[in-house]
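Visitor: I would like a close look at a single part of this model. Please take one helix and follow its surroundings, with the numbers.

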Amino acid sequence: MTPVATTSRNMAVVKTLTYLMFAMFAMTTDSVGIIIPEVIRTFQLSLTAAGTFQYATMTGIALAGLMLGQLADRLGRRPTIVIGLTVFAAACFLLAAGDTFSFFAVMLGVSGLAIGVFKTGALALIGDISTSTAQHTSIMNTVEGFFGVGAIIGPAILTRMLAAGMSWTWLYVVAGTICVVLIVLALLVKYPGSVTPAHRDSSTGAGRAMKNGYVLAFSAGAFLYVGVEAAIYVWMPTLMAGYTGSAVTLATYSVSIFFLLRAAGRFLGAWVLTRVQWQTVLALFSGCILLCFALSIAGGMNWAVYLLPLSGLFMSVVYPTLNSKGISCLPKAEHGAAAGVILFFTCVSAVLAPLAIGAVADAYGHIVYGFWLATGLAALLFIGLILNWALNPTRQVLEQLDVTEYGQNATA
């Protein structure tokens with residue numbers, strides 16, 4: 001086999017490994033909604049206490065993103081990914097052997113830390129296997145598409161397990177076993193070369209990324225997006241519970257339809273974004289998201305039952321593209337730190353937004369008022385992305401990094 005063919009095959013393995021990592025951890029993180037009722041019955045917990053299962057994982061991911069994201073830049077992509085996967089596998093197997101709520105919560109926190117480590121390593125790796133910032137965005141959408149697949153497969157597997165009388169902890173045995181396979185692949189595959197930071201003082205890493213206006217702007221966009229998305233996967237079942245119209249079946253499977261459209265849209269987005277300017281796509285799709293939410297409120301449940309699941313198609317490309325462009329605004333040697341900062345804001349929103357939406361709903365007596373808040377977040381996101389489309393503030397920095405980091409020819 002020629003060196004070119006060997007390199008091409010190796011690169012395909014690296015990409016596949018990255019895709020599978022995202023699908024694997026989504027199997028667990030996106031199954032929490034099914035696990036929580038089981039935990040409530042077992043330990044006689046309140047909803048607030050049971051919510052620890054969500055908050056423990058997200059807090060772990062957020063802390064790892066902010067504090068440990070730069071590991072991918074300092075230690076290298078492979079060591080960071082292997083460390084994260086190893087700790088995650090250990091947490092999964094230990095969790096399956098546990099029998100107390102506090103132990104489960106601690107292990108979920110540890111698993112969150114591990115996810116934060118290997119996810120930032122994988123996100124930094126995308127820069128190493130990309131040939132331009134545009135291809136970076138395309139690959140990122142494909143990666144998040146596999147995350148969407150995992151978010152569908154995990155709950156489906158867990159539902160079958162519970163129906164068969166098995167414990168929910170067996171899902172973590174499955175995830176841990178897949179993780180072991182991924183560790184072996186990560187150790188065997190040859191990774192592309194990565195650049196280490198030229199300076200290792202306190203000004204590099206997360207501190208430097210936190211001071212970068214572009215990274216913070218895209219982090220703010222990710223924060224708003226996740227707040228809108230959380231309204232769907234956390235609170236839409238509550239909203240649909242009182243629906244008695246002609247589309248009851250659609251209401252019953254509304255979250256599943258949302259996830260299917262989100263996953264399909266990300267794979268399609270990987271193709272679309274190679275042909276249409278990303279600024280245009282984000283401005284258009286964020287406008288469609290806002291319309292879905294605003295019309296759902298104006299038209300009531302008869303419209304919401306169709307429009308809220310449909311919003312998954314328009315949400316599909318938003319987060320991966322924001323994430324990609326935020327990371328791409330720094331040199332490859334600092335992609336891990338940039339990914340960690342954006343991941344931190346993502347997880348903070350994943351915790352705070354559902355709480356805020358629930359609090360507004362409690363204050364005004366109905367969950368629909370929580371969706372008013374989500375609509376406001378969608379409006380802020382739309383305004384930001386319209387300004388991004390009109391002003392194109394990242395054009396110069398991305399074109400410069402295409403030349404200096406990816407070896408692209410400078411445009412005239």
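Guide: What follows takes helix H18 and its packing, then turns to the salt bridges and the surface. The model is a predicted one.

Helix H18 covers residues 367–391, which is 25 residues. At 1.5 Å a residue it should span 36 Å, and its end C-alpha atoms are 37 Å apart, so the two values agree. After H18 comes asparagine 392, which has a positive phi, near 45 degrees.

The buried residues of H18 include Ile367, Phe371, Leu377, Leu381 and Leu385, and also Gly370, Thr375 and Asn388. Its buried residues pack against five listed helices: H11 (213–240), H14 (278–299), H15 (301–315), H16 (318–328) and H17 (335–364).

One partner of Asn388 can be followed further. Tryptophan 278 lies in helix H14 and, leaving aside neighbours within four places in sequence, is in contact with Asn388. Its other contacts on that basis are Phe218, Leu273, Thr321, Lys325, Thr394 and Leu398. Tryptophan 278 has a relative accessible area of 9%, so it counts as buried, the limit being under 20%. Between tryptophan 278 and leucine 322 there are 9.5 Å from C-alpha to C-alpha, although the two are 44 residues apart in sequence.

Past H18, helix H19 (residues 395–404) holds a salt bridge. Glutamate 399 and arginine 395 are four residues apart there, about one turn of the helix, and their side chains meet at 3.2 Å, N to O. Arginine 395 is exposed because its relative accessibility is 52%, whereas glutamate 399, at 35%, is partly exposed.

That pair can be set beside another one. Arginine 77 and aspartate 128 form a salt bridge at 2.8 Å, N to O. This pair links distant parts of the chain, with arginine 77 in helix H6 (residues 77–97) and aspartate 128 in helix H7 (residues 101–129), 51 residues apart. Both arginine 77 and aspartate 128 are buried. Together with Asp73 they are linked in a network of salt bridges. The count of salt bridges comes to seven.

As for nonpolar residues, the largest nonpolar core has 117 residues. Among those with the most contacts inside it are Phe53, Trp168, Phe293 and Leu308. On the surface, Leu63, Met67, Leu68 and Leu113 make a nonpolar patch of about 340 Å². Helix H4 (residues 52–68) gives the largest share of that patch, three residues. Methionine 67 belongs to H4 and counts as exposed because its relative accessibility is 57%.

Definitions and conventions:
Residues numbered from 1 in each chain as written. Predicted model: local features only at pLDDT ≥ 70, side-chain atom pairs only at ≥ 80, totals over all residues. Heavy atoms only, no water. Patch = residues over 30% accessible without salt bridge, like charges linked within 9 Å, V, L, I, M, F, W, Y side chains within 5 Å. Areas by Shrake-Rupley, 256 points an atom, 1.4 Å probe, with all protein chains shown as cover. Salt bridge = Lys/Arg side-chain N within 4 Å of Asp/Glu carboxyl O. Helix = DSSP H or I, 4+ residues; strand = E, 2+ residues; numbered from the N terminus. Buried < 20%, exposed > 50% of the residue type's maximum accessible area, 1.4 Å probe, protein only. Core = buried A, V, L, I, M, F, W, Y, C linked by side-chain atoms within 4.5 Å. Expected span 1.5 Å × (residues − 1). Contact = heavy atoms within 4.5 Å.
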